[in-house]
Amino acid sequence: MTLLEGRNLSIAFGGVHAVENVSLAVAKGELLGLIGPNGAGKTTLLRLLTGILPPDTGHVFFEGRDITRMPIHRRAQLGFALTHQIVRPFREMTLAENVMMAAAGEVTVRPWKALVAVNARRERERALGLLERLGIADGADKLARNVPLGYLKRMQAARALALNPRLLMLDEPLAGLNAAEATRLADLIVDLNAGGITIVLVEHNLGEVTRIARRLLVLHNGALLGEGEPRAVMARADVRDAYLGADVHA
Amino acid sequence: MDYYVSVATFAALNVILALGLNLISGFCGQVSLGHAAFYGLGAYAAALCSVAGVPFPLAILVGVLVAGIFGIVVGFAALRVREDFLAIVTMGVGFLFLGAVRKQPWLGAEMGIAKIPSPLDKWGYAALAIGAAVALVVLSLHVRRSWMGRAFGAVAQDEDAARTIGIDVAGYKITAFFLGTAAAGLAGGIYAHMTQLIIPDTFNFIQSITILAMVVIGGIGSTIGVVAGAILLTLMPELFRFINDYKLLVYGALLLLVMRFSPGGLAGLLQRLGLRLA
């Protein structure tokens with residue numbers, strides 16, 4: 001069954017077609033890798049799907065419902081979570097508080113409901129559990145502005161998980177992590193997927209993405225170049241050319 | 001004695017105004033350079049009601065609601081623009097209010113509204129203003145501890161990140177504007193009945209900047225700091241008469257000093273001293 005579908009998505013920035021007529025479907029339970037060389041339009045496509053950018057043409061469906069014009073916070077409340085490529089922590093909050101904000105969705109859904117709610121113990125326990133799971137529990141009470149990038153990257157993943165997402169879109173979650181941390185987070189992504197969360201992963205770390213994804217989509221110059229089983233896709237001549245820039249020399 | 005009662009009342013009104021602005025700017029991170037307009041809206045709405053024979057408590061309530069409803073309208077503007085542009089928009093709202101009031105005969109134009117019925121004596125207004133100020137302190141401290149305060153903080157620090165974790169950024173901004181401007185309306189209603197005479201100039205740009213100076217000098221975001229800032233800036237011109245003539249110059253200099261040496265205001269300064277002492 002299809003969880004997320006993009007139909008004929010296009011967007012242009014000042015005449016440059018960043019994404020052109022891309023259609024894709026993400027099945028429930030899938031772990032999909034979205035790859036492509038720099039400037040291929042991966043992040044732009046992700047932004048169209050998540051609603052950060054409105055598409056010039058095309059539609060986005062979540063569980064068969066058209067969400068093209070739905071505000072981002074409503075999508076998050078539906079269980080559609082994302083992490084940013086460039087980390088966006090609340091800098092003056094601790095890592096635990098950052099995750100608690102996401103875990104408090106039921107309370108903060110209406111301002112007046114939030115006004116009468118003070119207790120944060122349940123949210124804190126949940127946040128600490130998630131930080132533990134991502135291996136950064138030791139930074140729980142440090143301010144986000146004082147911890148290294150590797151911590152923030154994983155905090156963002158914890159924050160997205162605190163939303164109890166059914167669909168998780170990760171924009172380069174492994175960038176900025178060392179090899180051991182990247183492998184550990186990649187393994188966690190597989191675990192989460194096995195636990196029932198559908199995951200779309202934009203990633204430059206091809207080694208990890210071909211290892212964990214069950215299907216790859218390759219984007220090149222804003223259009224879909226191919227899709228399929230990771231090893232088969234990576235073996236294709238046109239995919240290799242796109243990465244090695246053969247078209248530049250041709 | 002009367003003099004002290006009246007200074008205390010004005011200090012309390014300033015505390016209400018400054019804490020209202022602090023809800024908008026300190027808690028939710030939205031700049032406003034037009035807070036005096038809502039003070040004025042509350043004063044004019046309550047005064048018109050009283051002149052028309054509406055009972056005092058109801059007149060005050062109307063002032064609160066009128067200011068709060070216009071605050072919601074301005075809150076919608078805050079959804080479209082950010083930071084420096086919002087500063088200009090809110091400044092514009094202040095001038096718009098003044099410009100409109102000055103030209104309306106039914107609002108008394110330049111002469112304002114006089115002979116506003118006054119049901120209380122000096123002590124009564126002092127008790128009302130101080131009681132309202134204390135209530136607002138309690139509300140501010142509560143908001144800060146509640147999930148509303150945490151969500152305001154998230155909106156203030158990074159609205160895009162707040163959206164991605166499901167926070168209704170628009171709803172929170174509008175709530176902050178409503179609460180903050182309704183508080184200004186309350187101060188306006190009390191002020192109008194106490195003085196029995198209101199003129200447009202009381203609610204001008206300088207008044208907006210004065211309220212902002214109280215918030216920034218006290219320590220933006222800190223309830224206790226803002227209370228201290230409001231009281232300090234009320235007393236200063238009273239203690240040193242000569243300051244009155246150079247009020248703007250002194251406020252400007254204080255603002256610069258705070259920005260340069262203690263961006264957290266008095267609250268930040270005390271906190272740093274406390275940390276060093278500890």
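In the predicted model described here, A:F62 stands opposite A:R65 in strand 5 of chain A. This is a predicted model, in which local features need pLDDT of at least 70 and side-chain atom pairs count only at pLDDT 80 or more, while totals for chains, interfaces and linings use all residues. Residues are numbered from 1 along each chain as its sequence is written, and chains are lettered from A and ligands numbered from 1 in the order in which they are written.

The pair just named belongs to the antiparallel pairing of strand 4 with strand 5 (residues 65-66) of chain A, which rests on 2 bridges; strands are taken to pair if DSSP finds at least two bridges between them. In this hairpin, 2 residues lie between the strands, and A:E63 takes a positive phi near 50°. On to the next partner: strand 1 (residues 2-13) and strand 4 (residues 57-62) of chain A run antiparallel and are joined by 5 bridges. Across this pairing, A:R7 stands opposite A:H59, and A:L4 has A:F62 as its bridge partner in strand 4. A:F62 thus appears in two pairings, facing A:L4 and A:R65.

Together, 4 strands of chain A make an open antiparallel sheet in the order 2-1-4-5. Strand 2 (16-27) and strand 5 of chain A are the edge strands, each pairing on one side only. Helix 1 (residues 42-50) of chain A packs on this sheet and touches strand 1, strand 2 and strand 4, with its direction at about 120° to that of strand 1. Such angles run from 0 to 180 degrees between N-to-C directions, with axes fitted as lines to C-alpha atoms, for helices over the stretch in contact.

A second open sheet in chain A has 6 strands in the order 6-7-8-3-9-10, and its pairing is mixed. Strand 6 (80-83) and strand 10 (223-228) of chain A each have a single partner strand, so one side of each is left without a neighbour in the sheet. Neighbouring strands of this sheet are turned by 15° against each other on average, direction ignored. Within the sheet, strand 3 (residues 31-35) and strand 8 (residues 198-202) of chain A run parallel over 4 bridges, and A:L31 has A:I199 as its bridge partner in strand 8. Helix 11 (residues 237-244) of chain A packs on the sheet, touching strand 9 (215-220) and strand 10, and its direction makes about 130° with that of strand 10.

Turning to the whole chain, chain A holds 12 helices and 10 strands, counted as DSSP runs numbered from the N terminus (H or I with at least four residues for helices, E with at least two for strands). Its radius of gyration is 18 Å, close to the 18 Å that the globule rule gives for 250 residues, so chain A is as compact as a globular protein of that length; the radius is taken over C-alpha atoms, and the rule is 2.2 Å times the number of residues to the power 0.38. The C-alpha trace of chain A spans about 60 × 40 × 35 Å along its principal axes. Buried residues account for 46% of the 250 residues in chain A, a residue being buried if 20 or more other C-beta atoms lie within 10 Å of its own, exposed if 12 or fewer, and partly exposed in between, with C-beta atoms placed from the backbone. Among contacts in chain A between residues at least 6 apart in sequence, 65% join residues at least 24 apart; a contact requires C-beta atoms, placed from the backbone, within 7 Å.

Helix 3 (residues 95-103) of chain A is mostly covered, with 9 of its 9 residues buried. These buried residues pack against helix 4 (105-108), helix 6 (121-133) and helix 7 (149-161) of chain A, and also against helix 6 (147-157) of chain B. One of them is A:V99, which is listed with B:I16 and B:I190 as having the most contacts inside the largest nonpolar core, a set of 174 residues. Such a core is made of buried Ala, Val, Leu, Ile, Met, Phe, Trp, Tyr and Cys residues joined through C-beta atoms within 7 Å.

The contact between the chains takes 23 residues from chain A and 23 residues from chain B. On the side of chain A, helix 2 gives the largest share, 4 residues. A:R74 is found in this helix 2, and with 14 C-beta neighbours inside 10 Å it counts as partly exposed.

Definitions and conventions:
Two residues are in contact if their C-beta atoms, placed from the backbone, lie within 7 Å.
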